[in-house]
Amino acid sequence: MQESPFADSRSGSEDDMLEYEDGPFCTCGPCKTRRALTGPEKGLIALALVAFVVIIVLAAHIGGKEEVKVPPKCESPGCLSAASSILSAMDTSADPCEDFHKYACGGWLQETPIPPGYPIWDRFQELAYKNWFMLKTLIETHKMEGGVQKKLRDFYRSCMDESQVPRAEALSRFRSLLTNVTSGGGAGALPRAGTTHQKWDITGTLLSIHKLNFWPLFQVMIGPDERNPNVNIIKIKPGHSPFPYNIFKQGAERALSKRSSNITNSINGTDPDATSQPNVNEIQIEMTDNKTDSTNPEFNINTTETPDPTTTKKPHIKDTHLHPKENVTELVNDYLRETTGLLQALLEHTKEQAEKEAQDILQLEKQLSLAYDIELHIHNRTRAYKAIAVKDLQSKCSMINWSFYLNNLLTEGSGAAHVVKPETKVIVLHEGALKQVCNVVHENNSNDEKKGILERYVLLGLARSMKPFFDLTTFQPDVNHDKEMEAEGEHWRRCIFYTNKALGLATAAVYVNATTIDASLAQNKGTDNKTLQITTLVTYVKRAFKEYLLRKIWMDAKTRKNAEKKLDEMIEKVGYPSFILNNTFLTNLYTNFTIGDNWFNNLLNWRKFTITNMVNSLSKAFDRLNSWNNPPLSVDADYSPVRNDITLPIALFHLPIYSHDGPSAFNFGAIGSIIGHEITHAFDIQGRQYDGQGRFRDWWDPMTAKMFNETTYCMKDQYDHLKIGNMTIHGAQTLGENIADNGGLRAAHIAYELWVQEHGEEQPVAGLDLDNRQLFFVSYAQIYCSKWTMSGITNFLMRDTHSPGPYRIEGALSNSLAFSDVFKCSNVARFNPSIKCRVW
């Protein structure tokens, strides 16, 4: 007999709760040895059976006219809207155990074209698009007179008007900008082909460009000191590269075994990169995820776990993970075309001169790209994070005068004066990479011919970073309207995107004030039932972590206690910060942001405003409670290790991610798994290096840390073998997000079962041929419905830390025992492999 999962009272792992045994109903000794029945006994039993059948037939005849009762189904507006969203996206003809992406998303894939300007299209971008269109409508139709609202409208309108500016005028503004930053470096007019300014001062030029918040060669940030997060400190790291890290490395240098060796380093000093914390005006669209399952509401969630042999065995590690050669060639050719066009348009090179010099600039770009060893520090935060005195930085990296540079950069602030002395400590992120960049710069700056290439490289870095803010035809006049539309999409979308980046708290205030359905989602507004519903989901997911996921057999008691404390100290930021509805606050926040009717000038003022705010933060205490990473209108949940907070912005609270008054199974599966994903980041290869107050410190027992690292091998190897055409997912590059996907799915499922224990089983949803646990998994998968162009997926695989949507679904579900049980997957089904990987 097959027992239902969760029906027993055993203690143990989730595996114990989900596994069942096949076998005879009775296997005990007395049952096997009982005596044989006599003839009369057999006759009496036969008569009893006949009488029983007669009684049943008569009862059926007597009650035959009674109406058979159909179990009630949920038909509330929330249930019906969720059902409509779910059903329209599905393809129920697909086998859920073989291709759950098609099963959950086939309808969406069939009916949803990729809009112009998008190399990849998914449900997060779809929702962002709808929010942006609503914001566009509000800006264009609502009265916005005076104050911050006028600034918001003027910024958006100047962007929309930019397409009417003649190309010659736009290029003239670019040339004037490059002349000004060059003059700041001690030279005059722009350098011509094959020449250089003999008196060119790289320190002055970089200072002028960096004050515009563009960062060739290296970047300066001001943020919390990760070892003492109550104070802000200066941080320096290598600058942006247009190429993915290490694509030019070959052979042993790019062997995955090297990358994997970093994973085994214990927490005693080697761990992951904490991403820098962007300004509140910065936005980066990011996806998120998570979920899990079960069938019996009476199960017990246990506090112990048996070891899983598949997660402690070191699996096969592929010896290389090279990008396909044709993909690298395409990237290089695109770079050469863009560089050639910039040299012709801005420095007035001939085509021949531009093509030759583009090759020289490419060689410099390759040198710098090879210097960036940041990938080696993905799992090694200690190597990445180093405090150093400015005088020592000068001796190790003499490409610029650091004291002069930093003191001048800090004059951009309007607050107290900041003085950088030789003894002043700064944080250098990836010191080895920065030193290599310094060596490359020193070598080129010491040679007159190479010095010219370096100068033009720096100038083009500024121009290249500003290109996305302008129409494609500004630099490619031969592109027709259809081609431009295909490459960039609607003009308004670009303008709304940058308006939200530049004035993110103001756009959120406009959105909240104008949309009553969302106006009640203010952070900390405890009487609001919508906010309460989201925070309740967070509470259940946290309980799932504390009461089950953190109770690993390999986790010692002290480390577990510290992990539970970190959960208790985690801050939840839901919806938007309530202070954005204070007009005085917004007015003061944007006082120094001058906005007129000229898009080019508005862009420069925005970048200067961002730098001023950054510099002013140096003299302030770090406020982890009220600081938000992203604007509330970004479809982007977030976890910050230094803040130890999860952010769930208002933009997320719509279908297919959230349904107010919808079924709990749906919400736990969709936004609940996103919550679980972000909480899991607190305990992934990066987040586990920080305690509950955001301090970067070692709070793990060494053996527990070693066992944690062992569990990551299986998952890294699993994703390494997921193929898309001739490309594979990079298991090390995506490891942190894959851990969060899997942990978030499990946490959300356990949270849902806890909820069912306390509230009882929900009614099934009308219109869906799914029970609630199937609905849970379908809602999880549908937030990752994705489609792409070939160039889009190529670029995604080389740069992104997430796996593509279909593989986020496959990876997490194929590791879930509960999923295979709910959908009755056979032992040979694609989504029910024999080896299931688990970290949390």
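**Strand pairs and helix crossings**

Me: What makes strand 4 and strand 5 count as a pair?
Reply: Strand 4 and strand 5 (residues 425-429) are joined by 5 bridges in the antiparallel sense, and two strands pair if DSSP finds at least two bridges between them, so they qualify. Strands here are DSSP runs (E, at least two residues), and helices are runs of H or I of at least four residues, both numbered from the N terminus. This is a predicted model, in which local features need pLDDT of at least 70 and side-chain atom pairs pLDDT 80 or more, while totals for chains, interfaces and linings use all residues. Residues are numbered from 1 along each chain as its sequence is written, and side-chain values use heavy atoms, with hydrogens and water left out.

Me: Which residue of strand 5 stands opposite I388?
Reply: V426 does.

Me: What makes strand 2 and strand 4 edge strands?
Reply: Strand 2 (218-225) and strand 4 (385-389) each pair on one side only. Their open sheet has 4 strands in the order 2-3-5-4, with mixed pairing. Neighbouring strands in it are turned by 35° against each other on average, direction ignored.

Me: And why do strand 6 and strand 7 stand at the edges of their sheet?
Reply: Strand 6 (571-575) and strand 7 (638-640) each have a single partner strand, so one side of each lacks a neighbour in the sheet. The order there is 6-8-7. Strand 7 pairs with strand 8 (residues 645-649) in the antiparallel sense over 3 bridges, and D638 has T647 as its bridge partner.

Me: Why is helix 6 called roughly perpendicular to helix 21?
Reply: Helix 6 (residues 123-141) and helix 21 (residues 504-514) have axes that cross at roughly 85°. Roughly perpendicular covers 65 to 115 degrees, so the word fits. Angles run from 0 to 180 degrees between N-to-C directions of lines fitted to C-alpha atoms, for helices over the stretch in contact.

Me: Which residues of helix 6 make that contact?
Reply: N131, M134, L135 and L138 meet T507, V510, Y511 and A514 of helix 21; contact means heavy atoms within 4.5 Å. By class they are 6 nonpolar, 2 polar and no charged. Ala, Val, Leu, Ile, Met, Phe, Trp, Tyr, Cys and Pro count as nonpolar, Asp, Glu, Lys and Arg as charged, and the others, Gly among them, as polar.

Me: Where do helix 7 and helix 20 meet?
Reply: L152, F155, Y156, C159 and M160 in helix 7 touch residues of helix 20 including W492 and Y498. The axes come within 9 Å and cross at roughly 145°.

Key. Angles under 35 degrees count as roughly parallel, over 145 as roughly antiparallel, 65 to 115 as roughly perpendicular and the rest as oblique.
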